[in-house]
Each structure stands twice: as structure tokens, then as C-alpha cells.
Protein chains: 2
Amino acid sequence: MPIVRQSKKRDAMLALLRATGRHPSAEQVYQGLKPDYPDLSLATVYRNLGQLCEQGLVRRVGTVNGQERYDGQTAPHSHFICNRCGRVADLPRLSPGEGCVERLGVQYGFTAESWEFIVRGLCEDCKEF
Amino acid sequence: MPIVRQSKKRDAMLALLRATGRHPSAEQVYQGLKPDYPDLSLATVYRNLGQLCEQGLVRRVGTVNGQERYDGQTAPHSHFICNRCGRVADLPRLSPGEGCVERLGVQYGFTAESWEFIVRGLCEDCKEF
DNA sequence: TGATTAATAGGAATAATTCCTGTTAAGGAT
DNA sequence: ATCCTTAACAGGAATTATTCCTATTAATCA
């Protein structure tokens, strides 16, 4: 595991992810930073997203229309995903009882590293088709 | 929405998905049926998986290593996904309190169509690295 | 200030999924 | 039973999100 150096672009990515509530895709992060970093490469975005996830600073939310979405908010919470427009919205924490996942791990023999609750449906705007 | 005709291959896909507990990918469904249906096409597998999902007979479980996984079990339950070997296992139903999602829908303005709880970590075999 | 190597751009490569064209066959109408 | 409409299909091409590769740049430490 190599040491992590300071990187302007990675810092900007994390700042963007923390500032937005939109749970952007890699492409959207790229488009969002391209104006400020004209020589930004999409490969750099993917590499840094992966690294930020490994560091636990960013979470993968799930794939929407074939594209992974990322979240810079690390406090535990859940997500709503619109099946029509692909919008990802935050929901309050929704989880089974305290210690529930741990007990299941013992029972089924796994070690839980993370868990998530996702609601899918139609958002306010898409309801009226 | 066109009428749904009887199809040997689609029936076989559904039977396979209902019989297995492995939550296979499209490719795995294809490989599993190829012996019995030598002229089966991967495009057919994808098309029928999509249709079965629309009909509510099959559920998408989530992407593991870039591949979507499918589940023929429609009774409500949750899933464990191994971060190392990609194994998907069933867990008992884990959900927030009765009516909780409905209340959130009212509060946040969405219409929920489905929800899922996913635990990720290391399975029994992968624990010992 | 120089050495080491993480970070990067840019473009090529990979691979899951979708699309397209001509053919086959399910099932209702005759 | 036979004809008609069109859903289902095979096979292969196209699309596209993501990863990989190579040479270059720059962060950090001695």
C-alpha cells in the first residue's frame, strides 16, 4: 500500500462530492471539474474515486443506468433512486436494529464491512409521468 | 406493451433462476442453459431477463464486479455480497418498520416501487483471506 | 537540491450490455 | 388444420462504462 500524496485534483473531487447532494457519476464529476482543471483526465477521476472509496472518504451508492454513483457523505444514511430520471436522493438512516447485522454475521458466517438500504421508485417530478 | 407469448427458453431461464440459490449473472444463466439449448443467444438471455424483471418474476440484486446479478426468488428477503469472491447469499428479510417506507414516501414526495437491504463484507470462505 | 515514486494525461484496450437484420415460430383468426 | 400477425430469436455488430498502458510531471523526503 503506497503512501498517499497530496493531489489538487483529488482534493477538488472530494470537495465537489462533499458539497453536492447529487451523488454524481464519474462522468459528472469529470464534467464538473473540467472547467477548473482543463487537462483533467477521465482516467484520473476513476483512479481517484477508487482510491477515495478505499480510504473510506467516499461511498459507492449503486449503479443507475449503467453508471456507478458516488457519495461524499460518510455519515450513515440511506438512498432513494428514481427509476425514471435516475435521481439519487438522501434518506435518513434506515437500518435494522442495533447489532442486528453483527448477529447475522455470526449466524451466517460472514464479516460485515458495510450495509445499505436503497428505496427505488418514482420521484416527485417523475410521478406525473 | 405487446402481449407475452410462451417461450421455451424464457421458461427455462425462470426455472433455472428459481431452482438456484446462486443469484447468477446473465453470462452464468447463458452458460447454465447452453447445454440444453445449444443455439441460445446471449442477447436472448439479456432480453428475457429484462422482460422477466418487468413482469416482476425476477429481481435485479445489484452489480458485482461489473456484472448484474439476478434472483428468481420474489418473496421479500435481503442479500449478503462477498467483496472478495462476489458470492451473493440470501439473508432473512431485513426491513425498517412496517409502513416506514410509505411514510418516507409521503414525507419526501416519492412513490416507492421496491426496496432492498444489502450487506457487504467477507464470506466464511474468504474471511481467512 | 536531488532522488524516489505517486499522480497524471491521453489514448488504447477490455468487457458488459444493447442494438440491428433477417429468420423462426406462438397463438389467434379463418 | 392452415394462414397471419408479430413476438421471440440467433448471430454478430455497435455502444459505452471502466480499466489498462506508457511516458511525463510533480509531491515529499533525505
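In which sense do β3(B) and β5(B) pair, and over how many bridges? They pair in the parallel sense, over 4 bridges; strands count as paired if DSSP finds at least two bridges between them.

Everything here is a predicted model, so local features need pLDDT of at least 70, side-chain atom pairs count only at pLDDT 80 or more, and totals for chains, interfaces and linings use all residues. Residues are numbered from 1 along each chain as its sequence is written, while chains are lettered from A and ligands numbered from 1 in the order in which they are written.

**View 1. Two strands of chain B and a hairpin.** Helices (H or I, at least four residues) and strands (E, at least two) are DSSP runs, numbered from the N terminus. In the β3(B) and β5(B) pair, His79(B) stands opposite Ile118(B). β3(B) (residues 78–82) also pairs with β4(B) (residues 88–91), this time in the antiparallel sense over 4 bridges. Look for Ile81(B) with its bridge partner Val88(B) in β4(B). These two strands make a hairpin with 5 residues between them, and Gly86(B) in the turn has a positive phi of about 80°.

**View 2. One open sheet with strands from both chains.** Its 6 strands run in the order β4(A)-β3(A)-β5(A)-β5(B)-β3(B)-β4(B), with mixed pairing. β4 of chain A and β4 of chain B stand at the edges, each with a single partner strand, so one side of each is left without a neighbour in the sheet. From one strand to the next, the twist averages 30°. Where the chains join, 11 bridges link β5(A) to β5(B) (residues 111–122), and the two run antiparallel. Glu116(A), for one, stands opposite Ile118(B).

**View 3. A helix laid over the sheet.** α4(A) lies across β5 of chain A together with β3, β4 and β5 of chain B, at about 115° to β5(A). Contact calls for C-beta atoms, placed from the backbone, within 7 Å. Axes are lines fitted to C-alpha atoms, for helices over the stretch in contact, and angles run from 0 to 180 degrees between N-to-C directions.

**View 4. Down the axis between the chains.** Chain A can be laid on chain B with an RMSD of 0.1 Å by a turn of 180° and a shift of 0.0 Å along the axis (a least-squares fit on C-alpha atoms of residues with pLDDT of at least 70 in both). That is the relation of a two-fold axis. In chain A, Phe117(A) has the C-alpha nearest the axis, 2.3 Å from it.

**View 5. The contact between the chains.** It takes 29 residues from chain A and 29 from chain B. β5(A) gives the most to the chain A side, with 12 residues. That side divides into 17 nonpolar, 7 polar and 5 charged residues. (Ala, Val, Leu, Ile, Met, Phe, Trp, Tyr, Cys and Pro count as nonpolar, Asp, Glu, Lys and Arg as charged, and the others, Gly among them, as polar.) The copies meet through the same surface, because 100% of chain A's interface residues are also interface residues in chain B.

**View 6. Around DNA strand C.** This strand has 26 residues around it, the closest being Ser41(A), Thr44(A), Gln6(B), Ala43(B) and Glu68(B). A residue is near if its C-beta atom, placed from the backbone, lies within 6 Å.

Conventions: Two residues are in contact if their C-beta atoms, placed from the backbone, lie within 7 Å.
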